[in-house]
Amino acid sequence: MSLELTIENKVAWIRLNRPEKLNALSQDLFTQLDSLLSKIEPQKDIRALVITGDERAFAAGADIEPMAEAGIRDVCEMTDNTMRVQERLASIPIPTIAAISGYCLGGGLELALCCDFRIATKTAVIGLPEITLGIIPGGGGTQRLPRLIGKGPALKLIMLGNHIYVDEAFKIGIVDQVVKTDLLIRSVETFTRKLAKQPAVALRAAKAAVNNGLSVSLQQGLQMEKDLFCMLFGTFDQKEGMKAFLEKRKPSYQGK
Ligand code: COA
């Protein structure tokens with residue numbers, strides 16, 4: 001099994017576990033990810049999802065071996081499958097975090113870009129080296145990266161194909177937080193604990209508004225925001241949050 005799922009303190013952790021290939025992402029791994037998402041999605045008490053690798057690699061890219069001899073039709077099928085599972089991950093209605101140590105290259109970075117946040121250690125090495133193999137990123141890299149960091153910095157990474165270190169990745173906005181190597185898990189736990197304290201329906205609405213808003217016109221996005229904003233006034237947590245503020249106490253959210 002190249003993926004391991006554990007659920008602790010209302011947080012699901014998926015660990016990529018193919019160390020001998022630096023967690024290179026095979027189609028089998030995407031099939032496993034698909035079925036783990038099916039397990040996680042119905043569990044309404046899970047408040048966040050973390051994807052991580054090991055100390056040496058988050059993932060060093062899509063598995064090059066089966067691609068090396070693939071023809072156009074084969075690669076189209078593989079890519080359809082990869083993109084379907086990635087889209088499922090990107091739109092899961094709970095916050096998602098890529099906890100990155102070591103190599104996070106190609107498909108590894110594309111997987112991390114499907115998450116809402118990227119927390120990385122000082123050892124992280126980030127890049128989209130596909131151009132050096134005669135191809136372009138085919139797992140969302142040419143679309144999700146420029147939406148995150150803008151066209152110029154994204155094209156620079158895609159066209160040069162070079163690796164960058166975590167400080168630069170943080171500076172250009174790929175990585176949200178840099179932590180000491182031995183503090184990765186603890187830092188992610190602290191972050192997910194904070195997320196878990198937030199009102200769950202509002203968290204879902206925030207994710208939907210931001211993610212869906214990026215692919216529609218400003219007018220459509222504003223309308224969507226208004227609909228979600230108004231919907232929240234029908235929740236227990238909105239009443240509780242505002243009442244608690246006025247009563248000068250901490251809110252006690254129920255996620256409804
Ligand atoms: N696909 C398939 N296998 C991969 C892989 C990938 N994306 N990345 C690493 N591996 C395998 C290597 O082939 C090697 O296998 P082997 O021991 O059977 O020969 C093993 O993982 C260890 O990698 P190795 O290259 O020996 O480690 P390194 O420390 O010398 O280099 C990297 C690490 C990440 C710089 C190097 O492995 C690399 O460039 N990988 C490919 C990155 C890439 O182009 N990703 C985009 C793919 S579309």
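Biologist: What makes the largest pocket, with a volume of about 860 Å³, a pocket?

Modeller: This is a predicted model, with local features needing pLDDT of at least 70 and side-chain atom pairs pLDDT 80 or more. A pocket is an open set of points on a 1 Å grid where a 1.4 Å probe fits, with protein on both sides within 12 Å along at least five of seven lines; lining residues have an atom within 4 Å of a point. Of the 31 lining residues, the closest to the centre include Ala90, Asp116 and Val210. Helix α9 gives the largest share, 10 residues; helices are DSSP runs (H or I) of at least four residues.

Biologist: Why is the contact between aspartate 34 and arginine 84 called a salt bridge?

Modeller: A salt bridge needs a side-chain nitrogen of Lys or Arg within 4 Å of a carboxyl oxygen of Asp or Glu. The closest N and O atoms of aspartate 34 and arginine 84 are 3.1 Å apart, so the pair qualifies. Aspartate 34 lies in helix α1 and arginine 84 in helix α3, 50 residues apart. Side-chain values use heavy atoms, without hydrogens or water.

Biologist: How many salt bridges does this rule give?

Modeller: The count is 10.

Key. Residues numbered from 1 in each chain as written. Helix = DSSP H or I, 4+ residues; strand = E, 2+ residues; numbered from the N terminus.
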